[in-house]
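Q: I'd like to learn how to read helix packing and pockets. Could you walk me through a case?

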Amino acid sequence: MGAQHPQDSGSKTAAGVFAWMLNVTSSVAIVFANKVLMDQKGDYRFTFACTLSAIHFLTAAACIKGSQLFKPAGEAAPRLPWKDTLYFSVVAVVSISSLNLSLLVNPVGLYQVAKLLIIPFVCAVEFFHPQIQRRFNSATVACIAVVVAGVAIVTVNDLGSGVTHLMGVIVAGVSVLSSGMQQILCGTMQRQHKLQSHQLLAATSPVQGAMLMLLGPWVDAAVSGNWIGNYQLTSGAVGVLVLSCSISVAV
């Protein structure tokens, strides 16, 4: 076997850096696009966080199905059992819905700060789980403690100053727990069923989109007091919605 050409190694590194930058950029961009769309004091006031999540999942499913049309004939993709598909989809639906609800009811600052707790939560689960029992060095533990303390200070300060309210903090907490569980399940199922990330998304996004499209409008009505059928859709709102969906595919 010949040695790997330096140019090939450089190309892989460049591709990895580009993918990382695209993920970071799209993750930040979608937060601001969604906030512009859902801000209750803004121009569009699309206060339907769960329905927006459903549209994101269905868009991702359509894009994946479209890309599969260009796959070589006869190439079989690994299958995900229906039970695991449903289990993962439920956790993912709670995760993305609570994240968007948190963005709807909380300021962007608290929303982003709360997301920092996902990593400490994942570390805690991996530490106490009998089948994982991952151990961390003192420097890592110290960093996690600083993050948790910082989030606690910001949350108490926002509650005291009236920037947010208790329900917003609860929603943010649910988003942390469910998003952490989704990350753990994602890695577990990819290893167990030998799936790549896009294959896992292809198997679960249609189910997640269908779940949220059925339940989302009712949850949105309970949270915002508005029914999506009464929303006055404008060209500006459509533009931001299309932008949000386009970015969600890249996240």
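Q: Is the crossing in which α3 passes α7 left-handed or right-handed?

A: Keep in mind that this is a predicted model. Here, α3 goes past α7 in a left-handed crossing.

Q: What else should I look at when two helices pack?

A: Packed pairs of helices are described by two things, the angle between the axes and the distance between them. For helix α3 (residues 82-105) and α7, the axes cross at roughly 150 degrees and come within 8 Å. As for who sits in that contact, its residues split into 15 nonpolar, 10 polar and 1 charged.

Q: At what angle do α5 and α7 pack?

A: About 60 degrees, and their axes are 9 Å apart. That angle makes α5 oblique to α7. As for handedness, α5 passes α7 in a right-handed crossing.

Q: Which residues of α5 and α7 meet?

A: On the α5 side you'll find I118, F121, V122 and V125, and they meet V176, L177, S179, G180, M181, Q183 and I184 in α7. Sorted by class, this contact of α5 with α7 has 8 nonpolar and 3 polar residues, with no charged ones.

Q: How do the axes of α2 and α9 cross?

A: Helix α2 (residues 49-68) and helix α9 (residues 235-250) have axes that cross at roughly 55 degrees and come within 9 Å. α2 and α9 are therefore oblique to each other, and their crossing is right-handed. From α2, the contact takes L52, I55, H56, T59, A60 and C63, while α9 brings L241, S244, C245, S248 and V249. By class, that contact of α2 with α9 comes to 7 nonpolar and 4 polar residues, and none are charged.

Q: Now for pockets. What is the volume of the second largest pocket?

A: The second largest pocket has about 300 Å³. Its lining has 16 residues, and I132, I184, L185, T188 and R191 are the closest to the centre. I184 should ring a bell, since that residue of α7 also takes part in the meeting with α5.

Q: Which elements give two or more residues to the lining of the second largest pocket?

A: Those are α5 (118-128) and α7 (166-193). The largest share, 9 residues, comes from α7.

Q: How do the residues of that lining divide into nonpolar, polar and charged?

A: For the second largest pocket, the lining has 8 nonpolar, 6 polar and 2 charged residues.

Technical notes:
Residues numbered from 1 in each chain as written. Predicted model: local features only at pLDDT ≥ 70, side-chain atom pairs only at ≥ 80, totals over all residues. Heavy atoms only, no water. Axes fitted to C-alpha atoms, helices over the stretch in contact; angles between N-to-C directions. Helix = DSSP H or I, 4+ residues; strand = E, 2+ residues; numbered from the N terminus. Parallel < 35°, antiparallel > 145°, perpendicular 65-115°, else oblique. Left-handed = near helix turned anticlockwise from the far one by under 90°. Contact = heavy atoms within 4.5 Å. Nonpolar A, V, L, I, M, F, W, Y, C, P; charged D, E, K, R; others polar. 1 Å grid on protein atoms, 1.4 Å probe; cavity = no way out; pocket = protein on both sides within 12 Å on 5 of 7 lines; lining within 4 Å. Points joined across faces, edges and corners; volume = space filled by probe spheres on them.
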